[in-house]
Amino acid sequence: MNQPLAYVHPEAKIAQNVVIEPFATIHKNVEIGEGTWIGSNAVIMEGARIGKNCKIFPGAVISSIPQDLKFAGEVTTAFIGDNTVIREFVTVSRGTIDKMRTVVGSNCLVMAYAHVAHDCTIGDSCIIGNAVQMAGHVDVGDFAIISATSAIHQFVKVGSHSFISGGSLVLKDVPPFVKAAREPLSYAGINSIGLRRRGYVSEQINDIQHVYRLLFLNGLNNSQALDKIEVELSPSRERDEIINFVRNSGRGIIKGYFAKDAN
């Protein structure tokens, strides 16, 4: 299925039914799984590991050298999971010695002009909006949605099932299951619509809401709130995921929103 006007390095490992359109470039030390489509003018650079049934649109650059002055040429990779769509002019840098690879999970959609920097890890079934700019070492949990033109600081963690509004400046960690909006970025409620779409029942959603009421709306600091949550709420997968996320936050989490702070 390779077009004669595409360049494929002889050492690249390409499955039999991959479609490579004219003017695409595939470097050495690249692996591409079955059923994947590589659009015209896409560049798949050394270290790319692309799964099955992916779509890489024109102008995308996968596994480029990290934009990190400390990078010393170490052999690293950029991994794209199965069934993931990478739209036009997306750039995904490969890893550095820190994690050795950058990961975009399976069943993701990364929209046009987004940048995923070195050593980022994006979970499965995530949506990364148009022109999202993601600095190095960012972790994004499964089913997270980051809306268009948001900028994410290095080492930030975004929890699973969270939703970040468009144009956000993400300087702090965003816990799981929440909506984050406003400036500065703040807690804006539970991502209840997304949770219901993914099969969460009312009891689970109510439990998550109770956790965040204690965390954000009771005037307690994080340590006090976590202690109160552990005492008052029965253990559950969602409760424990939130507690562990907050306790292990390196940059600190976003704050709650209070009307008196808006002006």
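**Figure 1. Two domains of one chain.** The protein chain is divided into domain 1, residues 7-140, and domain 2, residues 195-256. Keep in mind as you explore that this is a predicted model. To get a feel for the layout, picture a C-alpha centre for each domain: the centres of domain 1 and domain 2 lie 34 Å apart.

**Figure 2. A region named in the UniProt record.** Here we look at residues 173-254, which UniProt lists, in an unreviewed entry, as "domain: UDP N-acetylglucosamine O-acyltransferase C-terminal". Helix makes up 52% of this span and strand 11%. Try finding both ends of the span: the C-alpha atoms there lie 6 Å apart.

**Figure 3. An open sheet of 10 strands.** Follow the strands across the sheet in the order β3-β6-β9-β12-β15-β18-β21-β24-β26-β27. The sheet is open, and its pairing is mixed. At the edges stand β3 (19-20) and β27 (186-190); each has a single partner strand, so one side of each is left without a neighbour in the sheet. Now look for helix α2, residues 202-216, which packs on the sheet and touches β26 (178-181) and β27. The direction of α2 makes about 155° with that of β27.

**Figure 4. A closer look at β21 and β24.** Within this sheet, strand β21 (residues 145-146) pairs with strand β24 (residues 163-164). The two are parallel and share 2 bridges. Which residue of β24 is the bridge partner of Ile146? The partner is Ile164.

**Figure 5. Strand β14 between β11 and β17.** Strand β11 (residues 77-80) pairs with strand β14 (residues 101-104) in the parallel sense, over 4 bridges. Strand β14 is also joined to strand β17 (residues 121-122), again running parallel, by 2 bridges. One residue lets you trace both pairings: Val103 in β14 is the bridge partner of Phe79, and Val103 also stands opposite Thr121 in β17.

**Figure 6. Strand β10 with β7 and β13.** This view shows another set of three strands to follow step by step. Strand β7 (residues 43-44) and strand β10 (residues 61-64) are parallel partners over 2 bridges. Strand β10 also pairs in the parallel sense with strand β13 (residues 91-93), this time over 3 bridges. A good residue to start from is Val61 in β10, the bridge partner of Val43. Which residue in β13 does Val61 stand opposite? Look across to β13 and you will find Thr91.

How values were computed:
Residues numbered from 1 in each chain as written. Predicted model: local features only at pLDDT ≥ 70, side-chain atom pairs only at ≥ 80, totals over all residues. Heavy atoms only, no water. Pairing = 2+ DSSP bridges. Domains from an automatic or database assignment. UniProt positions renumbered as here; feature names shortened; annotations may be inferred. Contact = heavy atoms within 4.5 Å. Axes fitted to C-alpha atoms, helices over the stretch in contact; angles between N-to-C directions.
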